[in-house]
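Morning, everyone. Please look at the sequence and the fold on the screen. I'll keep this short.

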Amino acid sequence: MRIGILANSLSAALKIYDEAKAVPDCELFILLCPTPGESRRRNILRHVARLFLKRGGLKSLRLILSRKVVLFSRALDHADTLERLEKLKLDVGLHKAGVIYRKATIKTFRLGILNPHIGILPGYRGRNVMEWALLEGGPVGITVFFIDSGIDTGNRIVLREEVDISGYKSIQEARQYLFDLDAIFFRRALELLRSENFEYKLNDNSGRRYYVMSKLFQSVAENNLRF
């Protein structure tokens with residue numbers, strides 16, 4: 001299975017790379033995507049600077065020399081980028097880039113692009129779903145699913161698991177803890193995809209779409225987290 005980690009920086013991708021390389025029979029690539037609104041020149045300079053100034057630069061250089069790192073200077077839905085993605089013949093993409101994926105980009109991956117959503121689908125989709133779950137007394141956790149062009153509406157769920165966040169004192173700490181689990185959940189999802197008799201769970205969009213929570217409601221949700 002050929003896996004592409006879509007990220008805006010090498011440092012963001014390396015944690016996922018290190019976790020996913022434990023999955024048997026997987027060939028991993030890091031796909032460095034431009035930050036929205038950033039010029040092509042600045043995008044390239046930023047990656048070069050991080051390569052030499054940040055910890056792990058030697059490891060990153062080895063990956064580059066082994067042709068496991070692909071730098072895109074244009075947007076993911078640009079014709080040149082789509083052509084390069086097609087040539088890579090990737091099976092699965094792992095979402096770690098701050099971009100919105102259009103249908104043409106998603107289709108360049110044989111199975112699609114996986115997203116670790118910090119909410120239990122189909123019940124909680126949209127924004128601030130961890131906070132809404134706390135407010136309503138619902139389940140908190142992570143769902144790894146194949147995205148489509150909608151908001152958390154991709155119908156193929158690979159992995160869905162509740163996560164205990166009761167040890168955290170603030171919304172921010174709990175959210176960061178869930179976000180930091182992305183590499184582990186990506187590995188688990190890939191292992192499931194490689195397993196025999198694997199079957200997707202259905203995201204039937206039966207739940208609500210949630211929007212940004214007000215500060216007042218966030219304070220109430222945080223109280224629920226503490227107790």
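I'll go through the sheet, then the helices on it, then two loop residues. One thing up front: this is a predicted model.

Start with the sheet. Eight strands form it, and it is open. The order is 3-2-1-4-5-7-8-9, with mixed pairing. Which strands stand at the edges? Strand 3 and strand 9. Each has a single partner strand, so one side of each is left without a neighbour in the sheet.

Now strand 2, residues 27-32. Five of its six residues are buried, so call the strand mostly covered. On one side, strand 2 pairs with strand 1, residues 2-7. That pairing is parallel and runs over six bridges. Find A7: L32 in strand 2 stands opposite. How does the chain get from strand 1 to strand 2? Through helix 1, residues 10-20. That makes a β-α-β crossover, and the crossover is right-handed.

Strand 2 also pairs with strand 3, residues 69-71. Three bridges join the two, again in parallel. Here L31 stands opposite V70 in strand 3.

Move along to strand 4, residues 92-96, and strand 5, residues 112-117. They run parallel, joined by three bridges. V92 stands opposite G112 in strand 5.

Next, what packs on the sheet? Helix 1 does, touching strand 1, strand 2, strand 3 and strand 4. The direction of helix 1 makes about 170° with that of strand 2. Helix 8 packs on the sheet as well. Helix 8 touches strand 1, strand 4, strand 5, strand 7 and strand 8. Its direction makes about 130° with that of strand 8.

Now the loops. T153 lies between strand 7, residues 141-146, and strand 8, residues 156-162. Is T153 buried or exposed? Buried: its relative accessible area is 17%, and the cut-off is under 20%. The T153 side chain makes a polar contact of 2.6 Å with the side chain of D148. Beyond its neighbours within four places in sequence, T153 is in contact with R125, F145, D148, N203 and N205.

Last one, Y200. This residue sits in the loop between helix 8 and strand 9. Y200 is partly exposed, at 33% relative accessible area. Again leaving out neighbours within four places, Y200 has contacts that include L111, F146, R156 and L193. And F145? Its C-alpha is 9.1 Å from that of Y200, with the two residues 55 apart along the chain.

That's the tour. Questions, please.

Definitions and conventions
Residues are numbered from 1 along each chain as its sequence is written. This is a predicted model: local features need pLDDT of at least 70, side-chain atom pairs count only at pLDDT 80 or more; totals for chains, interfaces and linings use all residues. Side-chain values use heavy atoms; hydrogens and water are left out. Buried means under 20% relative accessible area, exposed over 50%, partly exposed in between (1.4 Å probe, protein chains only). Helices (H or I, at least four residues) and strands (E, at least two) are DSSP runs, numbered from the N terminus. Two strands pair if DSSP finds at least two bridges between them. A crossover is right-handed if, with the strands pointing away from the viewer, the path from the first strand over the helix to the second runs clockwise. Contact means heavy atoms within 4.5 Å. A polar contact is a pair of N or O atoms within 3.5 Å; within protein, one must be able to donate a hydrogen and the other to accept it, and residues adjacent in sequence count only if both atoms are side-chain atoms. Axes are lines fitted to C-alpha atoms, for helices over the stretch in contact, and angles run from 0 to 180 degrees between N-to-C directions.
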